[in-house]
Structures are given as C-alpha cells and as structure tokens.
Amino acid sequence: MQKAEFDELFDQVISEELIRRGFVQRGKSFFLSGGDRQLAWIRGGGRFAAPGSIAHLVCFRYSFLRDKNEVVPKEAPGDAGNYPWVFDAELLPTTKAPDWRFEASRLMGLPYGRYNFAGVAQSIVRADLSERRDGFLRYATWAASLSADEAAAQMRPFADEYWVARLWLDDYETAKSSGLTT
C-alpha cells in the first residue's frame with residue numbers, strides 16, 4: 001500500500017469516526033477537550049516519520065493540569081509530553097485498563113508505536129486500523145471513568161523522582177480544594 005492510499009483509508013476508518021465523536025483534527029492528530037478531560041491521538045512526524053509507516057500514540061490528561069511550562073493550556077496540548085497518560089497506539093488492540101496506568105518513565109521516552117503499511121493488502125490495513133480505533137475508543141471510555149483521586153494515586157509513587165509528577169499532584173490537590181473535582 002502506498003502512502004496516499006493509506007492516508008485515504010486512515011481518514012475513512014479513523015478520522016471520520018473521531019470527528020463524528022467531537023474530536024478536532026490538527027494536522028494528522030486528533031484532540032478532544034470535554035469537561036475536565038482531554039484526549040489525543042497523536043501521529044508523529046519529523047524524526048518519527050519513516051517511509052511506509054506511521055508513528056502514533058494516545059494520550060489523556062485532566063484539563064486543569066499545568067503543562068511542562070507550568071501553564072494550564074487553553075486547549076488539548078499538541079505535545080504528548082504534556083499528558084500524564086501516554087501509551088503506544090499499536091498496543092491498544094491487545095491491552096486493557098490495567099495496562100494504561102500512569103508510568104512516569106513513558107514521559108522520558110514517549111512510547112510511539114509504529115504501524116508499517118508498506119506492502120500490506122488494503123483489507124488487512126482496514127482491519128488493523130479498525131482494531132486500533134476500537135482500542136482507542138476503549139481507552140477514551142477508561143479515561144472518562146478515571147477519577148481524579150485514582151489519577152493522583154497513580155502518580156503519587158513517582159513524586160520523589162519526577163518533578164512533573166509533583167507538579168501534577170499539586171494541581172490535583174488545588175483542584176480538589178477548589179471543588180473542581182469530586
């Protein structure tokens with residue numbers, strides 16, 4: 001399969017469904033801000049690009065969290081490093097909620113998954129993309145159900161070693177004392 005054919009198929013299987021669900025497309029990535037949550041499916045370009053493949057990951061954050069510049073973004077950030085929960089999009093079809101826990105080390109080396117479409121039949125690529133889309137929708141459902149208290153509890157063990165975990169834990173405490181979370 002060639003790049004143009006893949007991009008058309010990606011639009012049919014992934015883009016149209018995510019846009020229908022309220023995601024906004026920026027470049028080849030998708031972002032959703034709803035209530036106190038932000039989700040993203042980010043396709044990497046530049047150093048992540050390679051002929052015949054895409055690199056991609058999925059992300060989740062609470063919208064009241066500061067980014068690495070210590071500012072609360074007005075919209076879902078385009079930089080995956082500003083999301084506490086980052087996950088290899090290639091693993092979505094075979095993983096479930098227990099695998100999607102906060103892991104600070106993922107922020108040090110973002111876990112972009114690579115999907116190779118070169119030389120693959122259209123029917124197989126369509127099926128593979130459908131599996132990833134369905135996995136992402138499960139990930140989105142999980143993100144919507146993760147309470148702020150559970151999110152903070154997942155970060156707490158990393159606070160001593162990772163400044164960003166401490167930053168985000170402070171944000172959870174501030175949000176809780178301000179009544180922004182339950």
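The turns below ask how several descriptions of this predicted model are reached.

User: What does the numbering refer to, and which values count in this predicted model?

Analyst: Residues are numbered from 1 along each chain as its sequence is written, and side-chain values use heavy atoms, with hydrogens and water left out. As the model is predicted, local features need pLDDT of at least 70 and side-chain atom pairs count only at pLDDT 80 or more, while totals for chains, interfaces and linings use all residues.

User: What makes Phe 6 and Phe 117 a stacked aromatic pair?

Analyst: Rings of Phe, Tyr and Trp (for Trp, the six-membered ring) pair if their centres lie within 6.5 Å, and planes under 30 degrees apart count as stacked, over 60 as edge-to-face and the rest as tilted. Phe 6 and Phe 117 are 4.2 Å apart centre to centre with 5 degrees between the planes, and the pair is stacked. Phe 6 lies in helix α1 and Phe 117 in the loop between β6 (113-116) and α3 (122-145), so the pair ties together parts that are 111 residues apart in sequence. Helices (H or I, at least four residues) and strands (E, at least two) are DSSP runs, numbered from the N terminus.

User: Why is the pair of Phe 10 and Trp 41 called edge-to-face?

Analyst: The planes of Phe 10 and Trp 41 stand at 85 degrees to each other, with 6.1 Å centre to centre, and the pair is edge-to-face. Since Phe 10 lies in helix α1 and Trp 41 in strand β3, the pair ties together parts that are 31 residues apart in sequence. A search of the whole structure finds 22 aromatic pairs.

User: How do you know whether Phe 10, Ser 15 and Glu 70 are buried or exposed?

Analyst: Buried means under 20% relative accessible area, exposed over 50% and partly exposed in between (1.4 Å probe, protein chains only). Phe 10 has 1% relative accessibility and therefore counts as buried, and Ser 15, with a relative accessible area of 4%, is buried. Glu 70, with a relative accessible area of 47%, is partly exposed; Glu 70 is placed in the loop between β4 and β5.

User: Which residues does Ser 15 touch beyond its neighbours in sequence?

Analyst: Contact means heavy atoms within 4.5 Å. Ser 15, which lies in helix α1, is in contact with Phe 10, Gln 25 and Phe 30 once its neighbours within four places in sequence are left aside.

User: Which residues of helix α4 are buried, and why are they said to line one face?

Analyst: In helix α4 (residues 148-155), the buried residues are Ala 148, Ala 151, Ala 152, Gln 154 and Met 155. Seen down the axis of α4, these buried residues fall within an arc of 155 degrees, so they line one face of the helix, the arc being that of the directions from the helix axis to the C-beta atoms. The buried residues of α4 pack against β4 (53-62), β5 (85-88) and α5 (163-177).

User: What is said of the lining of the largest pocket, by class?

Analyst: The lining has eight nonpolar, five polar and four charged residues, where Ala, Val, Leu, Ile, Met, Phe, Trp, Tyr, Cys and Pro count as nonpolar, Asp, Glu, Lys and Arg as charged, and the others, Gly among them, as polar. A pocket, on a 1 Å grid over the protein atoms alone, is an open set of points where a 1.4 Å probe fits, with protein on both sides within 12 Å along at least five of seven lines, and lining residues have an atom within 4 Å of a point.
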